[in-house]
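Here are a few exercises to work through with the structure open beside you. Try each task before reading its solution.

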Amino acid sequence: MSRDQTLREQIVAHGLKLTPSGLSQGTSGNLSVRHDEGFLITPSGTPYEEITPEAVVQVAMDGSYAHRLRPSSEWRFHRDIYAARPDVHAVVHAHPPYSTALAMCRMGIPAAHYMIAVSGGDSIRCAGYYTYGTQELSDAVVHALDGRLACLLANHGMIAVGATLEQTMWRAVEVETLARQYALALQVGKPALLNDAEVTQVLEKFGNYGLISRNSSSTST
């Protein structure tokens, strides 16, 4: 099987996991993987159960594509993330309830739990609000992801990035779990935050944690 076909099938398989995992509903959200001189991304407005490998759209870094279907309306921030981050080979964008609820309040997630390390830093930032699909939103996303592997999008949703699509889906689920825990903690009281030294220690340990340490060759170029 060709690499192109393998990546297309991975996108289809993980797209079918978005709703069962609680990350998205209906046709919301999108997935992509870096490929050749561009990236493969889910088509716009298509239910995930109807997406076939052939329906996945190859997009060049200049935004052009040759396909009967249009790429996701959010193709721009996928493109700009890949351009800005050579370490990123997969992007998952979704609208899970707790991450989105915090984003609606324009709140990020601080170091209230050691699993903040999934973000690659001591916080998950919330990018400023801009209309979906715009260059302004893309610029805000790239800024929020500087030194990070996940971010929230004000009044919109969340993004996770990673070395493989499997790893990135795992990270997206962990971010949503953190968002739920943080939202619940805020109802109980004022969450105690880990200090810089505690976060640094966890980040160092995370180099050998689960999917982070797994070989990334399946989606990297």
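## Exercise 1: The sheet

Task: Work out in what order the strands of the open sheet lie, and which strands form its edges.

Solution. Start with the order: this predicted model has an open sheet of 7 strands, arranged β3-β2-β1-β4-β7-β6-β5 with mixed pairing. Next, look for strands that pair on one side only; these are the edge strands β3 (57-60) and β5 (126-127). Now zoom in on one pair: β1 (residues 30-35) and β2 (residues 38-41) run antiparallel and are joined by 4 bridges. Within this region, arginine 34 stands opposite phenylalanine 39 in β2.

## Exercise 2: Helices on the sheet

Task: Find which strands helix α2 and helix α5 touch, and give the angle each makes with a strand.

Solution. Take α2 (residues 75-84) to begin with: this helix packs on the sheet and touches β1, β2, β3, β4 (90-94), β6 (150-153) and β7 (157-162). The direction of α2 makes about 35° with that of β1. Then turn to α5 (residues 165-188), which also packs on the sheet, with β1, β4, β6 and β7 as the strands it touches. For α5 the reference strand is β7, and the two directions make about 145°.

## Exercise 3: The nonpolar cores

Task: Identify which residues have the most contacts inside the largest nonpolar core, and which element supplies its largest share.

Solution. The largest nonpolar core holds 39 residues, and Leu31, Ile109 and Leu152 have the most contacts inside it. Sorting by element, α1 (3-15), β1, β4, α3 (97-104), β6, β7, α5 and α6 (196-205) each give at least two residues. The largest share is that of α5, with 8 residues. To see one member at work, list the neighbors of isoleucine 109, leaving out residues up to four places away in sequence: Leu102, Ile116, Ser123, Ile124, Leu152, Val175, Leu178, Ala179 and Tyr182. Apart from this core lies another, of 21 residues, including Ile81, Val141, Ala144 and Leu153.

## Exercise 4: The whole chain

Task: Why does the radius of gyration of the protein agree with that of a compact globule?

Solution. First count the elements: 6 helices and 7 strands, which follow the pattern α-β-β-β-α-β-α-β-α-β-β-α-α along the sequence. Then apply the globule rule: for 221 residues it gives a value near 17 Å, and the protein has 17 Å, so the two agree. The C-alpha atoms fill a box of roughly 50 × 35 × 30 Å along the principal axes. Finally, 50% of the 221 residues count as buried.

Note on methods. Residues numbered from 1 in each chain as written. Predicted model: local features only at pLDDT ≥ 70, side-chain atom pairs only at ≥ 80, totals over all residues. Heavy atoms only, no water. Pairing = 2+ DSSP bridges. Contact = heavy atoms within 4.5 Å. Axes fitted to C-alpha atoms, helices over the stretch in contact; angles between N-to-C directions. Core = buried A, V, L, I, M, F, W, Y, C linked by side-chain atoms within 4.5 Å. Buried < 20%, exposed > 50% of the residue type's maximum accessible area, 1.4 Å probe, protein only. Rg over C-alpha atoms; globule rule 2.2 N^0.38 Å.
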